[in-house]
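Work through these exercises with the model open beside you. Try each task before reading its solution.

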Amino acid sequence: MPLPSTLPVPRLKPGIGITLYQDSAVSPSPRFLLALEDSYFLVSGKTRALVVALLYQPADSAQLANYFEAESGHRVPAEQLIELAQSLPPALFAGAPAATRELPFLFSLTLLPARAATRVTGFLTWLFAPRLAIALMLAFAVLHIAVLPAAMRTAHGAWTAGQSAEMLALFMLSGLIHELGHTSACRYFKCRHGAIGVGLYFIFPAWYADVTAAWMLPAKQRAVVDLGGVYFQSIFLIAVDAFALLTGDPMALKLVWLITFTMLFTLNPVFKFDGYWLLSDLSGLHNLHKQVRQSTASMIAMLMRKRALAGPSVRSSVLYAYSVLSIGYFVYFGLFLAREVGLLATTLLPKLSAAAQALRPVSIDHVWQLVVAAGAFCALLFWPIMILLGSFFFLDKLRRALSEIVASVQTARATVACATPSLEKI
């Protein structure tokens, strides 16, 4: 039964910006960014025309249909436009609370507010001058190739408590430099950025920087922002590499290995680190994790109906390759957690018992010895806690992914064709 044409027209908040989304990949149709305060939404041309029509504040649904036709060149019944408007993010409507940004962390802490971070990045943008960047990367490549073999050999040596504390401080400094690379790249392209902080992602301690506004930049500039953190760490490593090469200092060599490992891990596209966003920006594919689940469900549904899969496009080929990589990494990570849990089950109790025995003979008068013994006991608990937390969230993500795949397969089997979503939040 058709809806009456007198349906109330929803009102949008003023100040919604609309710009063409500058994609590196060739899209079948242009997409647009809706910007409201610090939130950004990627929409189709049809949704963009509807938003523009709603911003004209039509008096009734008939006028809404006229505004939409003027913007899009297509006549769509007012009832369908009202129905499509219901799929817009609630934060866009007048009277609705602002959208809350959810960070992918178990907990997070802001260390450098937006104003302070902006002051700092104002002094660092010159490092992104193309000729200087090329020279610095060549210097990094030469030094790093020379020092990396020794760093890998030294990394497996024993670490004293003093070395561990010093290494932690330098490693945290490296993380701050990494995030300053992202924010400075934003500033170089005259794009605002937010605060810098730290959090716990899955089981990994991680720094973060608010560079959400980079979605307004062209794809190649977004890629520079994605790589800005690794670029700044490379500059930092030039100094560390040179010192390690000249002195052979074990601490410097261990720091070289540790930062190199974290740089490579950051470029891993499976987790939502720099490599994920770099792949997303260069391929034009967004919400990759969700698309992996949807593409897996679609392939399963097609095979269950025993229909041949159509020849993949370049974009779908990238998605399928990413799906295989993600599934493989997910399996590897699950096996890693299972192995660690098995090892902890056999080794943790004896280690804790030995550490507890070491606490008993320490007198309260020897405060420093007591602190060291208590610290050693707590250090033994750190990795088991991380493994248990990681196992819990791994199983939870696995459960949700399988539930979504099963639901998608059921939907795909019942539907001949699946429409591509016209709206997604970035």
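**Exercise 1. Contacts and overall make-up**

Task: Find what share of the contacts with a separation of 6 or more joins residues 24 or more positions apart. Then describe the chain as a whole.

Solution.
- Step 1. Residues 24 or more positions apart supply 71% of the contacts in the chain with a separation of 6 or more.
- Step 2. Count the secondary structure: the chain has twelve helices and seven strands.
- Step 3. Check burial. Of the 426 residues in the chain, 41% are buried.

**Exercise 2. Confidence**

Task: This is a predicted model. Decide where in the chain confidence is lowest and where it is highest.

Solution.
- Step 1. Start with the average. The chain has a mean pLDDT of 79, with 76% of its residues at 70 or more.
- Step 2. Go to the extremes. Helix H7 (residues 219-247) has the highest confidence, at 94, while strand S7 (residues 423-425) has the lowest, at a mean of 44.
- Step 3. Look around that strand. Over residues 416-426, pLDDT stays under 50. The model still gives this stretch 26 contacts beyond four places in sequence.

**Exercise 3. H5 against H7**

Task: Classify the packing of helix H5 (residues 130-154) on H7, then list the residues that make it.

Solution.
- Step 1. Take the geometry. The two axes lie 9 Å apart, at an angle of about 45°.
- Step 2. Classify. H5 is therefore oblique to H7.
- Step 3. Add the hand: H5 passes H7 in a left-handed crossing.
- Step 4. List the contact. H5 brings Ala 133, Leu 136, Met 137, Ala 139, Phe 140, Leu 143, His 144, Ala 146 and Val 147. H7 brings Tyr 231, Ser 234, Ile 235, Leu 237, Ile 238, Asp 241, Ala 242, Ala 244 and Leu 245.
- Step 5. Sort by class. The contact of H5 with H7 has 15 nonpolar residues, two polar and one charged.
- Step 6. Consider the spacing. An α-helix has 3.6 residues a turn, so residues three or four places apart point the same way.

**Exercise 4. H2 against H3**

Task: Do the same for helix H2 (61-72) and helix H3 (residues 78-85).

Solution.
- Step 1. The axes come within 9 Å and cross at roughly 85°.
- Step 2. Angles of 65 to 115 degrees count as roughly perpendicular, so H2 is roughly perpendicular to H3.
- Step 3. From H2, Ser 61, Leu 64, Ala 65 and Phe 68 meet Ala 78, Leu 81 and Ile 82 of H3.
- Step 4. By class, the contact of H2 with H3 has six nonpolar residues, one polar and no charged.

**Exercise 5. Helix H9**

Task: Which residues of H9 are buried?

Solution.
- Step 1. The buried residues are Asp 274, Gly 275, Tyr 276, Leu 278, Ser 280, Asp 281 and Ser 283.
- Step 2. Draw the conclusion. Seven of the ten residues of H9 (residues 274-283) are buried, so the helix is largely enclosed by the rest of the structure.
- Step 3. Move past the end. Gly 284, just after H9, takes a positive phi of about 80°.

**Exercise 6. Positive phi outside glycine**

Task: Locate Gln 57 and Lys 190, and decide whether each is buried or exposed.

Solution.
- Step 1. Recall the background. Most residues other than glycine have a negative phi.
- Step 2. Take Gln 57. Its phi is positive, near 55°. Gln 57 sits in the loop between helix H1 (45-55) and H2. Its relative accessibility is 54%, so Gln 57 counts as exposed.
- Step 3. Take Lys 190. Its phi is positive, near 60°. Lys 190 lies in the loop between helix H6 (161-188) and strand S5 (196-201). At 78% relative accessibility, Lys 190 counts as exposed.

Conventions: Residues are numbered from 1 along each chain as its sequence is written. This is a predicted model: local features need pLDDT of at least 70, side-chain atom pairs count only at pLDDT 80 or more; totals for chains, interfaces and linings use all residues. Side-chain values use heavy atoms; hydrogens and water are left out. pLDDT is the predictor's confidence in each residue, from 0 to 100. Helices (H or I, at least four residues) and strands (E, at least two) are DSSP runs, numbered from the N terminus. Contact means heavy atoms within 4.5 Å. Axes are lines fitted to C-alpha atoms, for helices over the stretch in contact, and angles run from 0 to 180 degrees between N-to-C directions. Angles under 35 degrees count as roughly parallel, over 145 as roughly antiparallel, 65 to 115 as roughly perpendicular and the rest as oblique. A crossing is left-handed if the near helix is turned anticlockwise from the far one by less than a right angle, and right-handed if clockwise. Ala, Val, Leu, Ile, Met, Phe, Trp, Tyr, Cys and Pro count as nonpolar, Asp, Glu, Lys and Arg as charged, and the others, Gly among them, as polar. Buried means under 20% relative accessible area, exposed over 50%, partly exposed in between (1.4 Å probe, protein chains only).
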